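Here are my notes on this model, set out as numbered points. They begin with one strand and what packs around it, and then turn to the other chains and their contacts.

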Amino acid sequence: MVLKRLLGAIPLLVGITFLSFLIMRLAPGDYTSMMMDPRMTQADMAALRENLGLNQPIWMQYIKWLKAVLQGNLGYSYVTGKPVLGLILERLGPTLLMSVVSLVLILVITFPLGLLTGAKRYSAFDGWVTVLSFIGQSLPTFWLGMILILAFSVKLDWFPTSGYLDPMAEVMGGFASIKNIALHMVLPMLTIVIGSIAGFTRYFRFGIIRILNEDYIKSAKARGLSDKRILFKHAFKNAALPIVTLLGLELPGLISGSFVIEYIFAWPGMGQLGIQSAFSRDYPVLMGLLLMTSVLILAGNLLADLGYRWIDPRIKHS
Amino acid sequence: MKKALFAVFLGGLILLGLGCSKSSSKVSDTPLRLVLKAEPSNLNSILHTDVPSAEVIGLISNGLFRLNSNLELEPDLLESYTVSDDGKTFVFHLKKNAKWSDGHPITAEDVVFTFDTLMSPKTNTVRRGLFVIEGKPVKFKALDTYTVQATLPEPFAPFLTNMSMGLIPKHILQNTDINTATFNQKPISTGPFNLVVWKPSQYILLERNDLYFGSRAKVKKIIMKIIPDSNTQLMAYQKDEVDELQISPKDVDAVKKLPNRVLYRYEDLQYTYLGFNLKKPWFSNFLVRQAIAYAINKPALVQTVLKGYGKPADTPCAPVSWAYPSADQLVKYDYDPKKSEALLVQAGFKRNPKTQWFEKDGKVFEFTLITNKGNPEREKTAEILQQALKQVGIKMNIQVMEWSSFVKMITGPKDPKPFDAVMLGWALGTDPDSYLTWHSSQYPAGFNFVGYKNAKVDSLLVQGRREMDQKKRKAIYQEMHKLIASDLPYIFLYYPEVVISIHKRVQGLSKPGPAGLMNRIEEVHLIE
Amino acid sequence: MKLSVTKVCITYLLLLFLVSIAMVFIPGLDVNAFDPNVVITGPQSPSLTHWLGTDDLGRDLLLRCLDGAKISLLVALVSVTISTTIGTLLGVLAGFFRPLDAIVMRFVDMMMAIPTLFLILILQVILTPSIWTVVSVIGLTSWMGTTRLVRAEVLSIKERVFVKAATARGIPTSRLLFKHVLPHALNPVIVSAMLGMGSAILIESVLSFLGLGVQPPYASWGNLLENSLKYLKEAPWMTLAPGAFITISVLSIHFIGDSLRAKLDVKDRA
């Protein structure tokens, strides 16, 4: 079944990349129009377009790209001339670091929060958590980020304003580097977490409500087991299962959201690369990024589906 | 006895002197921390196109010439040179002690290789046109290990200025594809500093190059932090995470409040303007262009947008340039809205008493100004112009376009071009030759996108390029600028100043000017 | 308790929208106007003449925020309408007509594998950013969730007895679709559309922040924020006002959506 899914993913990826390729090449203006430089003559521009292969018909350019990809070559950036695969790989680390650690933090906060609000439905606690998490979800991310920087970095000087690792700390290496990166991560992570609490909490909340209404819980209650024991022994365990599913479902959101966060906090990840390449019309990099992120998302979906079926074998394969 | 005493006395004075200077300002060992406002694209002298790349390259590479604080050419890798009487043949003698940072000597072979690579059509560069005169390339030949001969098809005044372009090493780059060479991210240097680390999107670390042929740099390390967002740049500066920052006029008051900082300001080689599409029926009428000129209050504009850090502009040349017209040659348009309206009436427009807009042949005088996204001062200026023109009954719409589409619209080969008016700025080179901007041949494909045509200006442009004597050139350009200003193809708006705030600990700065505060980077050092 | 919160939210949004539209018809009121001959020193802090202060060109901030409301709310409304229409159409087609199911769902999978914001960014960079491109781009990239929802609902409804009975009685497909299937399928769609509106407002603000949204001189909350960030320290009201409007409006939409969901859930159970 996994094999079927993997095979099925291939035409998807081809479709995605071809569509994107088409959109980018049909756009008015391309990389050469970025170079409005009085020193450049029209003859030079023509030579440039020739060198970059921008004069060939679109489908030919696509086939060329596809062939190269299958050989592991994602092309070279127009802007820097660096190999695209290398560029993306060196940015993958910081993005994964931020996403994974944020996700862990979110789960640590929202799991108990969700369970408690679900167990104590409609209580004052539930009400407050709902309102606060809704507010967190309604704040524009970049606005929140800037305000956090203003408050905690500029006014209070607790954290650095942006970046990943200070050169001096890097030179010192070891624990000093790790501590330095951690300091740089606090504010962007806080921004991500505040915005995500609502969604995750509600997910766990619904989960626990559903579980608490299940027959086996009701029978346990009828048998006289204390509420607390029911909660801890049975409900929690089952409510924890969807975490794998959640990881798969939330990954696209995190990858998407990373663009803005990385831009504001100058975090050297894939999202920042995406924004820079979009603005400079660096197609090879954009195509490579699209491919990479689509692969990650499809992988996440596969994981989520597998996890879902594993938890609940009753779900028919539709 | 007296002699000995005297010697001791002198010795004592000297020791005292040394002791005094040491205790008043101890030289610090910490690195110099600068800001790059965007990630550099590549560090190859002939390929790079963006400002951050240029800033880094300026610290690690050298050309035959360099620009000093007075914007004059000085020999850099050059020892001496001769030029033939007809101005077409140059013989350059290179310094014999110059080395690349890997120990290889810098020779004429490197010079010839640099230009051969530049002229090759396979190289993706913008600079080729600098060395192509009237369609024919400049020819370079190595006469011996340290001598290069350059043969020009015509005498060309800007040639020497262009020779300040940096060199690339033959022994590393021969037989490679220059566009994708790893050298572009890991260059070797000829200059006072070497590239040690380039952490993409984070920082670039430079270290002193002990093989530099010039004087040894005083500072040991330079860290260039990459911070693209302007708010973040300012915050980093306020927290003393960087030593220097170019700031925009609105932040000056906030920065002035910071302790231990010094503020520098200087006029730059650039101007902002409103350009008319001269092929459009209304704008081809000189009276209409004049009417718009009189409707703009330039001093108020400079105060509101630049907070006074700038001057109104009246000519396509900057005051810092040696070719700037004298006061009596300037064509000024003072703010006079009544004159504006009178000129419009003269041009055949009538004011509609109900809507207050001027109309001609039943159509409202309405046009769209385009400008590029990303320059907040320009966008603000556009909004101010909109209000100003509204007051004299002209309806101006603003369209802010993304850079790439914007460029396509104004430099595309269509004739007539699809825009009405454009607001943009020109960064001027140190050489006043502006052939590409004003010559009638540079339309429709080229940078004369307004479609300006003046036969006298055309001939002056060609003359200015051929004339080698600077005094004669000055007269040519002054006359030319006066003609252009009188024709009013653009409304020249203002010259923005550059404002830089720098920490007191940074010493050894050069005279503030377009050649940069750290023009002699070898002199710069930090004190405690 | 919950019901009154919802009422407050609905009232707030309606009032905001109506005031914003009404402002267009007030003669002589131009929120973008200022005197270019007076030197404007900078943004003014909130005072009795300007309740929320002024921006860097001396324009009243409260008026600009109110003016921007109609654009931000309209962008949300229109883009969600587009995405809901597309999503519902595709969902019904996929759920009702077996052969189309595979194609449509493959297409949905494909679109969902691309990070939405990234796609929107690329599209906006390519097109000339304006209100219309923002609305279209958001509308064309947000329909996938609706399609899946509608399809699932249609599939489950198809199996219900009353539908089978109707088919047996020979009722034509189209009438079946519109009179019986669609009304039931729409419940989750309405809730999802509400949430979609909230996210559309946020996406517009991000796009404007990056300079790819609504362009000046038109005011939208997003581009008011973009202009204000340069003045974050010296004029925080320029950032707080539009940010607060966005947050409160999106919050209201969420509350309304949430109570709608609760109400419809109960209805469905019954």
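Two residues are taken to be in contact if their C-beta atoms, placed from the backbone, lie within 7 Å. With that cut-off in mind, please read what follows as comments on a predicted model.

1. Helix H8 of chain B, residues 286-294, is a convenient place to begin, and its buried residues are B:Val288, B:Arg289, B:Ala291, B:Ile292, B:Ala293 and B:Tyr294. These buried residues pack against four elements of chain B, namely strand S15 (270-276), helix H10 (337-346), helix H11 (376-391) and strand S23 (490-503).

2. Strand S23 of chain B deserves a point of its own, because 13 of its 14 residues are buried and the strand is therefore largely enclosed by the rest of the structure. Which strands pair with S23(B) in the antiparallel sense over 4 bridges? Strand S13 of chain B (residues 244-247) does so, and S15(B) likewise pairs with S23(B) in the antiparallel sense over 4 bridges. In the pairing with S13(B), B:Glu244 stands opposite B:Ile502 of S23(B).

3. Two further strands of chain B also pair with S23(B). Strand S14 (residues 261-267) runs antiparallel to S23(B) and is joined to it by 7 bridges, and within S23(B) the bridge partner of B:Tyr266 is B:Val498. Strand S16 (residues 310-312) is joined to S23(B) by 3 bridges, again with the two strands antiparallel. B:Tyr494 of S23(B) appears in two of these pairings, since B:Thr272 stands opposite B:Tyr494, while B:Tyr494 is also the bridge partner of B:Pro312.4. Elsewhere in chain B there is an open sheet of 4 strands, which has the order S4-S5-S9-S8 and antiparallel pairing. Strand S4 (78-83) and strand S8 (139-144) of chain B stand at the edges with a single partner strand each, so one side of each is left without a neighbour in the sheet. From one strand to the next, the twist averages 20 degrees.

5. Within this sheet, S8(B) and strand S9 of chain B (residues 147-151) pair in the antiparallel sense over 5 bridges, and B:Asp144 stands opposite B:Thr147 in S9(B). Helix H3 of chain B (residues 108-119) packs on the sheet, where it touches strand S5 (89-94), S8 and S9 of chain B, and the direction of H3(B) makes about 165 degrees with that of S8(B).

6. On confidence, the mean pLDDT of chain B is 88, and 95% of its residues reach 70 or more. One stretch calls for caution, however: over residues 11-23 of chain B the pLDDT is below 50, and beyond near neighbours in sequence this stretch has 0 contacts in the model. Where pLDDT is low, the predicted coordinates should not be read in detail.

7. Chain A has 13 helices and 0 strands, and of its 318 residues 42% are buried. Among its contacts between residues at least 6 apart in sequence, 73% join residues at least 24 apart. One helix pair can be described in detail: helix H4 (residues 84-119) and helix H8 (residues 174-212) of chain A pack at an angle of about 40 degrees, with their axes 6 Å apart. The crossing of H4(A) and H8(A) is right-handed, and the contact between these two helices has 20 nonpolar, 7 polar and 1 charged residues.

8. At the interface of chains A and B, 39 residues of chain A are in contact with 41 residues of chain B. On the chain A side, the elements that give two or more residues are helix H2 (42-51), helix H6 (141-155) and helix H12 (270-279) of chain A. The largest share of that side, 5 residues, comes from H2(A). By class, the side of chain A that touches chain B has 19 nonpolar, 13 polar and 7 charged residues.

9. Chain C has 10 helices and 0 strands, and its C-alpha trace spans about 80 × 45 × 35 Å along its principal axes. Of the 270 residues of chain C, 47% count as buried, and among its contacts between residues at least 6 apart in sequence, 69% join residues at least 24 apart.

10. Chain C also meets chain B, with 19 residues of chain C in contact with 23 residues of chain B. The residues on the chain C side of this interface divide into 12 nonpolar, 4 polar and 3 charged.

Key:
Residues numbered from 1 in each chain as written. Chains lettered and ligands numbered in written order. Predicted model: local features only at pLDDT ≥ 70, side-chain atom pairs only at ≥ 80, totals over all residues. Buried ≥ 20, exposed ≤ 12 C-beta atoms within 10 Å, placed from the backbone. Nonpolar A, V, L, I, M, F, W, Y, C, P; charged D, E, K, R; others polar. pLDDT = per-residue confidence, 0-100. Pairing = 2+ DSSP bridges. Axes fitted to C-alpha atoms, helices over the stretch in contact; angles between N-to-C directions. Left-handed = near helix turned anticlockwise from the far one by under 90°.
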